[in-house]
Amino acid sequence: MADLIAWLLVVAIAAYACAGGTDYGAGFWDLLAGGAERGKRPRWLIDHAMAPVWEVNNVWLVFVLVIMWTGFPMMFQAVFAALWLPLALAAIGQVLRGAGFALRKPTRRLAQRRVYGAAFAISSLLTPFFLGAVLGGIASGRVAVGTPASADAWANPTSLLAGLLAIAAAAFLGAVFLCSDARRFGADDLVDYFRLRAWLAFAALVVLALIALPVTRDDARYVWDGLTGGLGLLMSILAAVCGLATVLFLVRRFYGWSRYTAVATIALAVLAWGFAQRPYLLPTSLTVSRAAGAAHSLRWLGIVTLIAVVFVGPALVLVYRLDTKGRLEELTDADTSAAGTPGDHL
């Protein structure tokens, strides 16, 4: 049961990553879209693409937290004690990201839109970085039960690369998703715009992955050994194949297929990390069996998780399906209580 719960934890992390993390993967491109006039069209598409689903993905974060503190309380205590600062910064980024995106759209004052837009875009960059840094600190073996909080636990070579990889992965997914969304919304001028950015993000992923090879070998040896042999290696190879397939599909303009292969790329990469780290939750100090909570807690956690998957899983699939088919209606100004006031557009 403990092994099953641990894999549910990995699957929840993969599901969160596969939908672009905190912001549908679009916040990075919002940040780089340019000034008010130059970035108007890309930001228009980002707003329309994110609006129906921008909070849905946080369901997976709830699963991750519940599974950690209920199923593996020793791991939860160790991680949040040693890495409280990057986790707090990621949480602040989540709040600012949501507030910035929610308030930017109904606001009519240009100055306020810029402030909210900057809060959304910058926090969408920082949040995946800090979450990636946390995973890097765990993978490098710097977190154990009783480890005090320190900068070394998350500001180390593996953590820095993991944070950059998280940003690049979210940007890659966001650009691929937005290619399809541009066609769906009839914004043909933005299809090639985001197709180019998908290629650039994939190139950044490849470069960062190549840099990570020697760094992981020297700084996270246990995970390196897992990634270069067995199922970890297989998952890594399959992730690379799916990434190359995504590039090919974008070249051939098969945007529907590119979404699936892009998601598979990130999912397989997360699974590769899971296989590489087993049987440890905290390499090389805390195994799954040692970290597991009481047997009855795991049993009830498994039952509740199964019920949640049965009821929540299909609902999430339906939401994404309706969204990609354009069946979800956009909120109007009346719905958001937005109204013009003297001085608007200034």
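**Cores, a one-sided helix and selected contacts**

Beyond the residues up to four places away in sequence, V143 touches A78, V79, A82, L83, G137, I138, L282 and S285. This residue of the predicted model is a convenient place to begin, since it leads straight into the nonpolar interior. V143 belongs to the largest nonpolar core, a set of 48 residues, and is listed with F72, M75, V79, L83 and L282 as the members that touch the most others. Helix α1, covering residues 2–18, makes the greatest contribution to this core, with 10 residues. A second core, separate from it, holds 39 residues, among them A33, M50, A182 and A262. Such grouping fits a familiar pattern: in soluble globular proteins, nonpolar side chains tend to be buried together.

Several of the partners of V143 lie in helix α5, which runs over residues 73–82 and has M75, A78, V79 and A82 buried. These four residues cover an arc of only 95° around the axis, and therefore sit on the same side of α5. The helical repeat helps in reading this pattern: an α-helix has 3.6 residues a turn, so residues three or four places apart point the same way.

Just ahead of this helix comes F72, in the loop between α4 (58–71) and α5. F72 has a relative accessible area of 0% and so counts as buried. Leaving out residues up to four places away in sequence, F72 touches A2, I5, A6, I67, L281, V288, A291 and A292. By contrast, A139 stands 67 residues from F72 in sequence, and the two C-alpha atoms are 17 Å apart in space.

Attention now turns to two residues with polar side-chain contacts. D219 is placed in helix α9, which covers residues 188–219. Its side chain is joined to that of T158 by a polar contact of 2.6 Å. Once residues up to four places away in sequence are set aside, D219 touches S140, R142, N156, P157 and T158.

T265 is located in helix α12, residues 255–277. Its relative accessibility is 8%, below the 20% limit, so T265 counts as buried. A polar atom of the T265 side chain lies 3.0 Å from the backbone nitrogen of G243. Apart from neighbours within four places in sequence, T265 is in contact with A239, C242, G243 and T246.

The contact with C242 raises the matter of the cysteines. How many disulfides does a search of the whole structure find? The search returns zero. For C179, the nearest cysteine sulfur is that of C242, at 18 Å; for C242, the nearest is that of C18, at 11 Å. A disulfide calls for sulfur atoms within 2.5 Å, so these separations leave both residues unpaired. C179, with 0% relative accessibility, counts as buried, and C242 counts as buried at 18%.

Stepping back to the overall fold, the protein contains 14 helices and two strands. Its C-alpha trace spans about 60 × 40 × 40 Å along the principal axes. A compact globule of 346 residues would have a radius of gyration near 20 Å, and the 20 Å of the protein agrees with this. Of the 346 residues, 47% count as buried. Among contacts with a separation of 6 or more, 79% come from residues 24 or more positions apart.

Notes: Residues are numbered from 1 along each chain as its sequence is written. This is a predicted model: local features need pLDDT of at least 70, side-chain atom pairs count only at pLDDT 80 or more; totals for chains, interfaces and linings use all residues. Side-chain values use heavy atoms; hydrogens and water are left out. Buried means under 20% relative accessible area, exposed over 50%, partly exposed in between (1.4 Å probe, protein chains only). A polar contact is a pair of N or O atoms within 3.5 Å; within protein, one must be able to donate a hydrogen and the other to accept it, and residues adjacent in sequence count only if both atoms are side-chain atoms. Contact means heavy atoms within 4.5 Å. The arc is that of the directions from the helix axis to the C-beta atoms. A nonpolar core is a set of buried Ala, Val, Leu, Ile, Met, Phe, Trp, Tyr and Cys residues joined through side-chain atoms within 4.5 Å. The radius of gyration is taken over C-alpha atoms; the globule rule is 2.2 Å times the number of residues to the power 0.38.
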